[in-house]
Amino acid sequence: MARIDLTDGFSIHDYRSRMKLLTDTGETRTLENRKDLRCPACDQAFDRLFVTERQTESFETPPDRPFCLARTAEKLLVLTH
Ligand SMILES: [Zn+2]
C-alpha cells in the first residue's frame, strides 16, 4: 500500500491507475481511491481525494467523515476517510 508522496509536489498522473477520476473542472478534481493509497497527512487509507489549484475554495457542506488537508506549492489536497 503506497502513501501519496508530496516531496516533489503532487501529480495525479503518478497515481492515476490507483484512483478513479470522478470530476474534473480543469482547476479542481475529485478522485476515488481504488487501491488503498495512503493519506500523506495521517498515513491511513482514504476514500476520496479533492485537489485544487485555485487559491480559494468553498464547500457548502462539510464532509460527514474525518478528513485531512495537505498542500504543495501549487495545490491543496482534501482527503476524506
Ligand atoms: Zn488522512
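Four donors around a metal count as tetrahedral if all angles lie between 85 and 135 degrees, and donors are N, O and S atoms within 2.8 Å of the metal (3.2 Å for Na, K and Ca), with water not among the atoms, so sites may look incomplete. Before you start, note that this is a predicted model, in which local features need pLDDT of at least 70 and side-chain atom pairs count only at pLDDT 80 or more, while totals for chains, interfaces and linings use all residues. Residues are numbered from 1 along each chain as its sequence is written, and side-chain values use heavy atoms, with hydrogens and water left out.

**The zinc ion**

Select the zinc ion together with C39, C42, C68 and H81, whose atoms SG, SG, SG and NE2 are its protein donors, lying 2.2 to 2.4 Å from it. The arrangement is tetrahedral because the four donor atoms subtend angles of 97 to 115 degrees around the zinc ion. Along the chain, the donors follow the spacing C-x2-C-x25-C-x12-H. Keep C42 and C68 selected, since this pair links distant parts of the chain, 26 residues apart: C42 lies in the loop between strand 2 (28–33) and strand 3, and C68 lies in strand 4. Strands here are DSSP runs (E, at least two residues), numbered from the N terminus, as are helices (H or I, at least four).

Now colour by accessibility, where buried means under 20% relative accessible area, exposed over 50% and partly exposed in between (1.4 Å probe, protein chains only). C42, at 32% relative accessibility, counts as partly exposed, whereas C68, at 16%, counts as buried.

**Strand 5 and its partners**

Next select residues 76–80, which form strand 5; four of these five residues are buried, so the strand is largely enclosed by the rest of the structure. Strand 5 pairs with strand 3 in the antiparallel sense over five bridges, and strand 4 and strand 5 also pair in the antiparallel sense over five bridges, where two strands pair if DSSP finds at least two bridges between them. To see single positions, show V51, which stands opposite L77 in strand 5, and then R71, whose bridge partner in strand 5 is L76. Strand 4 and strand 5 form a hairpin, with four residues between them. Stay on L76, which at 34% relative accessibility counts as partly exposed.

**A last stop at E60**

Finally, select E60 in the loop between strand 3 (48–52) and strand 4 (67–71). E60 counts as exposed, at 83% relative accessibility. Add T7 to the selection: E60 and T7 are 53 residues apart in sequence and 31 Å apart in space, C-alpha to C-alpha.

Conventions
Four donors count as tetrahedral if all angles lie between 85 and 135 degrees; four count as square planar and six as octahedral if opposite donors are over 155 degrees apart and all others between 65 and 115; anything else is irregular.
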